[in-house]
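Subject: Structure handover

Hello,

Here is the structure for you to work with. My notes on what was found in it follow below.

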Amino acid sequence: MRNVVARRFWSTTLPLLCLACDGVSRLDDTLGLQSAARWEWHGRLLVQTDSTLTLVRMAIDTTHGGGDVGLARYDFNPAVGEGDEYSLTLALDLGHVRELRQNVPYGLGPPPGLIPAYATVTCLCRPLKPDSVRGTFTLATRGLRQITGRVDATLYFTEWNDAARHVTYSLHQRIDLVK
């Protein structure tokens, strides 16, 4: 009797546990909540710096053609009343995503990185301007309306008023870009 119950338990529980392991998420991921995602097939990234307002605007332009681009936002520590919340917005210029192979980490950032990447941070801190993004992007799946992958990157920023002060943020998470 015990063997029958144990066999039924493991025959139903084990497949469910395997489905929960998507291969993209890991136990040591940063604890951000992806709150926005956008993917465009024929777009290009627009990154504009406005030093008078100490901000950087990132957008996707689809009027002039281009390749596959994505924009994702992650919110960290979004609890009410904490005061240490911040949001990271990551923009990726994937080129032609059909040419990327699955489960291969591609370098992010300026050369030798294959995928140009830009990031901004929104926080209750001194204004920060983006320097660079270094790390990897790994494509897990590409469908007609969604790209799923993994970002393992360090985002580098400099204070607007003091070029000697630098800040880094880590982003090790699953990324879902939706058309």
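Asn103 is placed in the loop between strand E4 (86-95) and E5. This is a predicted model, and in it the phi of Asn103 is near 60 degrees, a positive value in a residue other than glycine. With a relative accessibility of 61%, Asn103 counts as exposed because the cut-off for that class is over 50%.

Thr54 also deserves a look. Its phi is positive, about 50 degrees, although Thr54 is not a glycine. Thr54 sits in the loop between strand E1 (32-50) and strand E2 (55-61). That loop belongs to the hairpin of E1 and E2, which has four residues between the strands. Thr54 is partly exposed, at a relative accessible area of 30%. The two strands of the hairpin pair in the antiparallel sense over seven bridges, and one of the bridge partners is Arg57 in E2, which goes with Gln48.

One peptide bond should be kept in mind when you set up the geometry. Pro111 and Pro112 are joined by a cis peptide bond, with omega at about 20 degrees. Pro112 is located in the loop between strand E5 (105-108) and strand E6 (117-123).

On confidence, the mean pLDDT of the protein chain is 87, and 84% of its residues reach 70 or more. The lowest confidence in the chain is in helix H1 (residues 2-20), where the mean is 51, while E5 has the highest, at 97. Over residues 14-20 the pLDDT is below 50, and this stretch has one contact in the model beyond near neighbours in sequence. Where pLDDT is low, the predicted coordinates should not be read in detail.

Next, the sheet. Four strands form an open sheet in the order E5-E7-E8-E9, and their pairing is antiparallel. E5 and strand E9 (166-178) are the edge strands, each pairing on one side only. Neighbouring strands of this sheet are turned by 15 degrees against each other on average, direction ignored. Inside this order, strand E7 (residues 128-142) and strand E8 (residues 146-159) pair in the antiparallel sense over 13 bridges. Val133 stands opposite Leu155 in E8.

The aromatic residues come next. How many aromatic pairs does the structure hold? There are four. One of them is Phe76 with Tyr86: the ring centres are 4.8 Å apart and the planes are at 10 degrees, so this pair is stacked. Phe76 belongs to strand E3 (residues 67-76) and Tyr86 to strand E4, ten residues apart, and the pair links distant parts of the chain. Phe76 counts as buried, at 5% relative accessibility.

Tyr86 has another ring partner in Tyr169. Here the centres lie 4.9 Å apart and the planes are at 45 degrees, so the pair is tilted. Tyr86 is in strand E4 and Tyr169 in strand E9, so the pair ties together parts that are 83 residues apart in sequence. Tyr169 counts as buried, at 14% relative accessibility. Ring pairs link Phe76, Tyr86, Phe157 and Tyr169 into a cluster.

A further link between separate parts of the sequence involves Ala36, which is found in strand E1. The C-alpha atoms of Ala36 and Arg73 are separated by 5.0 Å, with the two residues 37 apart along the chain. Not counting residues up to four places away in sequence, Ala36 touches Leu71, Ala72 and Arg73. At 36% relative accessibility, Ala36 counts as partly exposed.

Last, the cysteines. The count of disulfides comes to one. The disulfide joins Cys123 to Cys125, with an S to S distance of 1.8 Å. Is each of these cysteines buried, partly exposed or exposed? Cys123 counts as partly exposed, at 23% relative accessibility, and Cys125 counts as partly exposed, at 37%.

Regards

Note on methods: Residues are numbered from 1 along each chain as its sequence is written. This is a predicted model: local features need pLDDT of at least 70, side-chain atom pairs count only at pLDDT 80 or more; totals for chains, interfaces and linings use all residues. Side-chain values use heavy atoms; hydrogens and water are left out. Buried means under 20% relative accessible area, exposed over 50%, partly exposed in between (1.4 Å probe, protein chains only). pLDDT is the predictor's confidence in each residue, from 0 to 100. Contact means heavy atoms within 4.5 Å. Two strands pair if DSSP finds at least two bridges between them. A disulfide is a pair of cysteine sulfur atoms within 2.5 Å. Axes are lines fitted to C-alpha atoms, for helices over the stretch in contact, and angles run from 0 to 180 degrees between N-to-C directions. Rings of Phe, Tyr and Trp (its six-membered ring) pair if their centres lie within 6.5 Å; planes under 30 degrees apart count as stacked, over 60 as edge-to-face and the rest as tilted.
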